[in-house]
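Student: I have a model open and want to learn how to read it. Where do we begin?

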Amino acid sequence: MRLKTSLLKEPKHKELVSCVGWTTADELYSCSEDHQILKWNLLTNETGLVVRLPDDMYPVDLHWFPKTVGAKKQTQPEISALTSTDGKFHLVSKMGRIEKSVEAHKGAVLAGRWNYDGTALITAGEDGQIKIWSKSGMLRSTLVSQGCPVYSVAWGPDSDRILYTSRRQLIIKPLQPSTKVIQVWDSFGRLLHSSTSQDYPITSLSWAPDGEVFAVGSFNTLRLCDKTGWSYALEKPNTGSVFNLAWSADGTQLAGACGNGHVIFAHLVEQHWEWKNFSITLTKRRTMQVRNVQNDAVDVLEFRDRVIKASLAFDHLVVATSLQCYVYNSRNWNTPLIFDLKEGTVSLMLQAEKHFLLVDGSGLYTFSYEGRLISSPKFLGMRADVLNAQAVSLSNDTIAIRDKSDEKVILFFDAMTGKPLSDGKPLTHKLEVLEIALDQCGPSTERKIALIDKNRDLYLTSVHHLGKEPKICKIGSMVHSMAWNDSANILCGIQDIQFTVWYYPSVVFTDKELLPRTIYLKDGSEFSHAPHILSYVGTKVTLRQGDGSLVYSSVPLYSTLLHEYSTSARWEDALRLCRFAKDQSLWACLAGMAMANRDLNTAEMAYAAIGELPRVQYINFIKEQPSKESSLAHMLMFSGHVQEAEATLLQSGLIYQAIQVNIDLFNWNRALELAVKHKTHVDTVLAYRGKFLQTFGRKETNKRFLQYSEGVEVDWEKIQAKIEMELFKEREKAANTSVRGSVASRHL
């Protein structure tokens with residue numbers, strides 16, 4: 001990716017240009033110390049004088065009123081805030097008429113910014129003060145008074161805090177007076193990036209609207225940088241110092257205010273996308289080149305309008321221009337499906353196997369690859385403009401969104417209807433969530449979501465809770481980046497200094513002690529500082545290193561094949577694969593998969609292969625159970641689901657088995673409670689309790705047990721006879737059920 005710049009031969013302004021501001025994606029206003037405001041039309045390449053300012057008025061900063069105010073949209077902003085060196089800010093119309101001038105500061109007003117919904121204007125002055133004003137220019141409050149000039153100020157995404165400069169520090173100050181001031185570099189107090197010293201002082205910096213890149217201006221220098229700090233491209237235009245930079249709303253164009261009277265324009269080109277054997281490059285604003293690396297075939301894609309966003313995955317290329325969306329199938333690049341966009345500025349694009357998601361200024365939209373609108377999820381307080389790839393995830397059946405108002409909360413929506421899942425109850429984590437990712441394979445009822453929280457711990461949980469409290473399991477720590485595989489539910493991540501692959505992360509719900517055995521580790525020394533995972537397709541993982549270079553790492557194919565065999569219940573093939581590969585991590589994965597799918601024979605062999613003899617014995621115990629219900633309950637016990645196991649037995653009328661489960665787990669109070677409630681086996685509970693206490697040389701102190709032991713006789717022979725009778729009845733009931741089932745099947 002780089003910036004393609006353009007400059008006129010002769011500058012339109014006679015003095016240095018102090019500020020620039022976009023009204024639309026093709027219209028720009030510039031202010032200069034020659035007291036002129038010029039309007040630039042990029043479609044017609046025309047430049048015209050809007051107004052000549054008074055001779056004593058030198059503009060410093062310009063910010064147009066936001067396009068979206070609450071739920072209402074303006075086609076384009078009608079008024080701007082213009083600050084000047086005389087201590088005033090001015091509300092200026094598009095025609096150049098000064099609607100109002102307000103005495104704001106002593107000395108120059110160095111910055112003026114509208115908040116995101118246009119309800120307030122903030123100004124920062126040479127006098128060290130920061131003030132908030134109403135839309136009409138009435139003073140609301142003075143937030144800051146310090147002994148040094150405030151050179152820059154910015155609103156937080158929710159307009160509830162500000163960021164401003166104070167000598168060598170950046171300070172975040174909440175608007176609520178009771179909240180303490182925190183001096184930080186990012187919202188968690190970490191320095192994200194520090195560049196090397198530049199040749200000249202940095203005079204301007206501006207983030208693109210989607211937050212993925214930023215531009216830096218200096219003397220005869222324009223640099224494009226990734227959000228992590230490394231540089232995409234460096235341009236050396238003849239501009240003097242670039243005093244101000246502004247991105248267009250769609251994030252495709254950049255304008256700079258130059259010290260020699262020029263206004264420099266730049267647009268993004270040479271963006272690059274890869275998927276399997278296809279490589280796609282944006283060669284011009286309206287042109288893409290598709291290359292098939294297998295046969296070196298090249299296709300050129302032309303668009304009517306400039307390309308704003310594109311995504312290539314799951315054999316489809318989706319391209320959003322300023323007015324339309326194009327959907328290409330990788331088997332045919334000649335006939336795209338085209339549909340119009342309601343809002344042209346697409347800020348985020350995500351793909352799943354069956355559909356894709358577009359995010360623009362007005363909301364989220366799920367489309368099929370045939371161009372049909374499937375759903376449009378909405379929730380209270382939704383701010384589509386602040387959503388990014390870390391806060392939104394898409395699968396074939398689910399959309400997950402981290403709530404901006406409370407970053408501990410994750411909302412789930414049905415991708416087909418847009419309605420909330422799990423009765424509308426969101427998932428609430430104990431800490432703020434930094435990144436979320438839904439797995440891409442398997443049925444919707446087994447959908448899992450991985451999340452990284454503020455402590456950089458990696459957790460896994462199910463999307464569907466079925467009315468129960470969600471079980472959130474920690475599977476990793478110090479995880480900086482993650483990605484799911486496109487064809488199997490395998491998760492990879494950068495964990496501390498290692499590249500880690502969780503072959504079967506869902507094993508944590510079946511047998512969590514197997515989790516460390518199902519992990520593939522690769523030394524991270526081949527990667528530079530802070531690599532970021534871009535994609536995990538097939539067996540290839542693509543990573544972006546801290547210096548911007550791309551590196552690739554491969555994952556053994558066996559784990560993907562094992563997932564395929566497990567999904568299709570081909571257990572014999574799975575066993576043959578593990579025997580061939582002779583890899584303990586594959587055997588551990590197979591053991592977990594077989595238990596999750598209740599294939600006890602395969603699970604027994606897999607556990608035996610990794611030397612887990614106690615589990616092999618328990619599996620044999622499960623096999624010997626007199627009924628399917630008992631077997632199912634003990635399989636649930638195997639995975640640690642005690643309450644579900646007990647509920648299964650009680651529902652099947654197996655009271656003794658439910659009591660015995662609690663006795664085996666030493667849940668004495670629950671065992672006695674069940675025995676008393678169902679008026680059976682009270683003596684059994686008392687007998688086992690007495691034997692337990694006798695083993696440890698203890699006396700009974702529990703009042704309930706003392707109460708019932710007075711009136712109940714404990715006779716081990718009678719108890720054993722009762723247990724034998726219970727097991728006999730259970731076997732008989734199971735046999736009758738199977739006979740009735742076989743007779744019914746014959747009739748059918």
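Tutor: We go from the overall layout to single contacts and surface patches. Keep in mind that this is a predicted model.

Student: Start with the whole chain. How many helices and strands does the protein chain have?

Tutor: Counting elements gives a first outline. The protein chain has 13 helices and 53 strands. Its C-alpha atoms fill a box of roughly 110 × 65 × 50 Å along the principal axes. Of the 748 residues, 51% are buried.

Student: What does the UniProt record mark at residues 586-732?

Tutor: An unreviewed UniProt entry annotates that span as "domain: IFT80/172/WDR35 TPR". Check the annotation against the model. Residues 586-732 are 78% helix and 0% strand. The C-alpha atoms at the two ends lie 40 Å apart.

Student: And which residues carry the annotation "repeat: WD"?

Tutor: Residues 102-134, again according to an unreviewed UniProt entry. Here the span is 0% helix and 61% strand. Its end C-alpha atoms are 12 Å apart.

Student: How do I relate separation in sequence to separation in space?

Tutor: Pick two residues and compare both values. L632 and L163 are 469 residues apart in sequence, and their C-alpha atoms are 58 Å apart. L632 sits in helix 7, residues 628-638. It is partly exposed, at 26% relative accessibility.

Student: What is the C-alpha separation of N329 and D127?

Tutor: That pair is 59 Å apart, with the two positions 202 residues apart along the chain. N329 belongs to strand 33, residues 324-329. Its relative accessible area is 21%, so N329 counts as partly exposed, given that buried means under 20%.

Student: Now charges. What is the general idea behind a salt bridge?

Tutor: Side chains of opposite charge can pair when their charged atoms come close. For the count, a side-chain nitrogen of Lys or Arg must be within 4 Å of a carboxyl oxygen of Asp or Glu. By this rule, the model has 29 salt bridges.

Student: Which parts does the salt bridge of D210 and K309 tie together?

Tutor: Distance first: the N to O separation between the D210 and K309 side chains is 2.6 Å. D210 lies in the loop between strand 20 (204-207) and strand 21 (213-218), and K309 lies in strand 31 (residues 307-313), so the pair ties together parts 99 residues apart in sequence. D210 is partly exposed, with a relative accessible area of 27%.

Student: Show me one between helices. Where are K623 and E604?

Tutor: Their side chains form a salt bridge at 2.4 Å, N to O. K623 is in helix 6 (residues 613-623) and E604 is in helix 5 (residues 600-609), 19 residues apart. K623 is partly exposed, at 34% relative accessibility.

Student: Which residues are linked in a network of salt bridges?

Tutor: Look for charged residues joined into a group. D511, E513, R517, E612 and R615 are linked in this way.

Student: How should I read backbone angles?

Tutor: Look for positive phi values in residues other than glycine. H35 is one case, with phi near 70 degrees. H35 lies in the loop between strand 3 (27-32) and strand 4 (36-41). Its side of the accessibility scale is clear: H35 is buried, at 8%.

Student: What is phi of D296, and where is that residue?

Tutor: Phi of D296 is near 60 degrees, again positive in a residue other than glycine. D296 is in the loop between strand 29 (287-292) and strand 30 (297-302). D296 also forms a salt bridge with R291, with the closest N and O atoms 3.0 Å apart. R291 is partly exposed, with a relative accessible area of 29%.

Student: Last topic, the surface. Which residues form the positive patch?

Tutor: Patches group surface residues of one kind. K4, K284, R285 and R286 form a positive one. K4 is in strand 1, residues 2-6. Patch members need over 30% relative accessible area. K4 is partly exposed at 44%, so it clears that cut-off.

Student: And which residues make the nonpolar patch of about 260 Å²?

Tutor: L534, L550 and Y552 make that one. Y552 is in strand 53, residues 550-554. With a relative accessible area of 37%, Y552 is partly exposed.

Terms used. Residues are numbered from 1 along each chain as its sequence is written. This is a predicted model: local features need pLDDT of at least 70, side-chain atom pairs count only at pLDDT 80 or more; totals for chains, interfaces and linings use all residues. Side-chain values use heavy atoms; hydrogens and water are left out. Patches are made of residues with over 30% relative accessible area and no salt bridge: like charges are joined within 9 Å, nonpolar side chains (Val, Leu, Ile, Met, Phe, Trp, Tyr) within 5 Å. Accessible areas come from the Shrake-Rupley method with a 1.4 Å probe; for residues, only the protein chains shown count as cover. Lys and Arg count as positive and Asp and Glu as negative; His and the chain ends are not counted. The place of a charge is taken as NZ of Lys, CZ of Arg, CG of Asp or CD of Glu. Helices (H or I, at least four residues) and strands (E, at least two) are DSSP runs, numbered from the N terminus. Buried means under 20% relative accessible area, exposed over 50%, partly exposed in between (1.4 Å probe, protein chains only). UniProt positions are given in the numbering used here, feature names are shortened, and annotations may be inferred rather than shown by experiment.
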